[in-house]
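Subject: Structure handover

Hello,

Here is the structure for your next round of work. Please open it first, then read the notes below it.

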Amino acid sequence: MKIKRGIGAALALAMSILPLAACGSGGDAPQEAHPSSIKIWYYEEPSSGQARGWLKAADIFTRQTGIKVDFEVKSFTQIAQNGSQFLNSDDAPDVMESNRGNGSAGVLSTLQLLTDLKPYVQKYGWDKKVRGQAAAVGKYDKRGVMDGDTWYGVSSYAEMQRVYYNKDLFDKYKIPIPQTFDQFVATLKAFKSHGVTPIAADAQEYGVLWLWWQLAMTKADAKFVDDWQLYKHPVNWRSKPLTFATNTIRDWIDKGYISKNATGMKAEDTTTAFIKGTYPIYQTGTWNQTRFMEQVKTFDWTASIFPGAKMVEGCAGNLLVIPQKSRRKDAAARYIDVVLSKEVQNYIGNKGGVPVAADTDAITNPKSRDLVNEYTKASDASRMSYYPDYPAPNLTDAMPAAFQELVNGTKSPDQVLDTLHKNYDDGVAQLDLDDD
């Protein structure tokens with residue numbers, strides 16, 4: 001595939017955005033010379049390492065500059081569905097957390113709603129701290145495709161999917177922690193033989209979808225990821241990664257390795273259930289690691305990348321962007337620079353987050369250090385696969401809906417792949433992509 005035109009014009013319906021003609025000021029807003037405060041919107045879990053790091057950065061920033069930081073917590077849905085209206089209004093914040101990917105930050109960049117951060121990247125040397133795949137999600141080309149040439153956002157942390165294991169339940173049933181994919185399957189069978197549903201996974205939100213993508217990543221390579229995420233070539237919808245993953249989810253549902261009640265569960269349900277010790281295995285994002293470190297009181301746990309994964313589901317974290325309409329851009333950029341400082345980055349790491357520019361030796365918590373080292377090793381090897389819904393904004397809702405039908409048994413694996421194929425192509429069409 002190649003991209004014929006800019007992405008922004010086709011997304012009004014998909015993201016509930018304003019018509020293109022109404023978006024963007026086309027130039028910088030007048031700047032306040034001496035602002036008394038800046039406004040920051042974010043939707044990160046407040047207890048997460050990254051959110052705590054942003055709050056710590058605010059304290060440091062205020063001490064250094066005398067400028068107050070006013071935080072407003074939004075929901076992911078608010079930003080995803082209404083981000084363009086927010087950014088196009090006179091009430092736009094000075095810094096906003098934005099989801100990364102072509103269908104999110106990429107779209108906002110084509111609508112001229114985000115500030116080109118190049119002057120600040122050069123001034124503060126952010127490109128020396130945020131590199132490789134971590135930088136790719138913050139840079140977009142003129143079409144809104146990530147890994148481009150213009151910085152529109154900066155990640156201050158990273159995230160990935162890990163498999164979290166309740167070691168006490170493994171010890172109770174004398175089952176070893178799996179190291180390979182075949183051992184993982186044997187583990188599921190062993191727990192089920194004891195009457196235990198092994199995997200915590202929700203289908204109302206993203207749990208089953210993310211498990212599916214990670215299963216696909218046991219068979220995929222970097223070329224597959226580039227085709228999916230960057231439209232390098234058409235996606236083969238009957239390729240081994242996709243058929244294996246979809247058939248495996250259906251098989252695991254049939255065998256009781258994943259509860260059929262997953263369709264009635266949300267992420268908070270499965271997270272809480274794992275914390276209570278209900279399930280022995282939970283694949284989830286590293287944003288939950290801080291909660292596990294602080295809230296798991298009744299058992300010991302460990303975690304690792306999915307056994308047998310060639311590519312690892314995850315990437316640099318959500319972006320800190322500066323809206324084009326901000327009148328306090330210089331102050332906003334200085335705040336971001338504080339977030340990227342060693343002091344704050346090391347703090348994020350010790351609080352269970354995955355910093356992008358920390359001194360690993362300064363991370364003293366062993367579980368946190370293991371996490372950071374695991375991410376760094378995978379990222380340095382360019383093994384991060386991003387998330388499956390990045391190519392187009394409609395996929396954030398459409399893909400979980402398809403997997404609900406797979407879990408319910410109302411669609412076969414082949415029918416689900418056909419549905420995903422149509423969802424993907426419809427979303428790509430809204431991005432002005434075609435096959436010529």
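A residue counts as buried when its relative accessible area is under 20%, as exposed when that area is over 50%, and as partly exposed in between. Tyr-386 is buried, because its relative accessible area is 8%. Please keep in mind that this is a predicted model.

Positive phi

Tyr-386 has a second feature. Its phi is near 60 degrees, a positive value in a residue other than glycine. The residue sits in the loop between helix 16 and helix 17 (395–408).

Asp-147 also has a positive phi without being glycine, near 65 degrees. Its place is the loop between strand 5 and strand 6. Asp-147 is partly exposed, because its relative accessibility of 48% falls between the 20% and 50% limits.

Arg-143 lies in the loop between strand 5 (139–140) and strand 6 (150–151). With a relative accessible area of 29%, Arg-143 is partly exposed. From Arg-143 to Gly-277 the C-alpha separation is 46 Å, with these positions 134 residues apart along the chain.

Overall build

The chain contains 18 helices and 15 strands. Its radius of gyration is 21 Å, close to the 22 Å from the globule rule for 436 residues, so the chain is as compact as a globular protein of that length. The C-alpha trace spans about 70 × 55 × 35 Å along its principal axes. Of the 436 residues, 58% count as buried.

Contacts are largely long-range. Among contacts with a separation of 6 or more, 77% come from residues 24 or more positions apart.

The chain exposes about 17200 Å², and carbon and sulfur atoms supply 47% of that area. There are 50 positive and 51 negative charges. Their mean positions are 3 Å apart.

Cores

In soluble globular proteins, nonpolar side chains tend to be buried together. Here the largest nonpolar core has 127 residues. Which residues have the most contacts inside it? They are Trp-212, Trp-228, Trp-252 and Tyr-335. Helix 9 (residues 207–216) gives the most to this core, with 8 residues.

Take Trp-228 as a way in. Leaving aside neighbours within four places in sequence, Trp-228 is in contact with Trp-212, Trp-213, Val-235, Trp-237 and Leu-242. The list goes on with Pro-388, Pro-391, Met-399 and Tyr-424.

A second, separate core has 13 residues, including Met-265, Ala-273, Tyr-282 and Phe-299.

Helix 15

Helix 15 covers residues 342–350. Its buried residues are Val-344, Gln-345, Asn-346, Ile-348 and Gly-349. What do they pack against? The partners are helix 1 (49–65), helix 14 (329–339), strand 14 (354–355) and helix 16 (366–380). Just after helix 15, Gly-352 takes a positive phi of about 95 degrees.

A buried acid

Glu-159 is found in strand 8 (residues 157–166). Is this residue buried or exposed? Glu-159 is buried, because its relative accessibility is 6%, under the 20% limit.

Leaving aside neighbours within four places in sequence, Glu-159 is in contact with nine residues' worth of partners listed here: Arg-100, Thr-286, Trp-287, Gly-314, Cys-315, Gly-317, Tyr-375, Met-384 and Tyr-387. Glu-159 and Val-372 are 213 residues apart in sequence, yet 9.7 Å apart in space, C-alpha to C-alpha.

Best regards

Technical notes: Residues are numbered from 1 along each chain as its sequence is written. This is a predicted model: local features need pLDDT of at least 70, side-chain atom pairs count only at pLDDT 80 or more; totals for chains, interfaces and linings use all residues. Side-chain values use heavy atoms; hydrogens and water are left out. Helices (H or I, at least four residues) and strands (E, at least two) are DSSP runs, numbered from the N terminus. The radius of gyration is taken over C-alpha atoms; the globule rule is 2.2 Å times the number of residues to the power 0.38. Buried means under 20% relative accessible area, exposed over 50%, partly exposed in between (1.4 Å probe, protein chains only). Contact means heavy atoms within 4.5 Å. Accessible areas come from the Shrake-Rupley method with a 1.4 Å probe; for residues, only the protein chains shown count as cover. Lys and Arg count as positive and Asp and Glu as negative; His and the chain ends are not counted. The place of a charge is taken as NZ of Lys, CZ of Arg, CG of Asp or CD of Glu. A nonpolar core is a set of buried Ala, Val, Leu, Ile, Met, Phe, Trp, Tyr and Cys residues joined through side-chain atoms within 4.5 Å.
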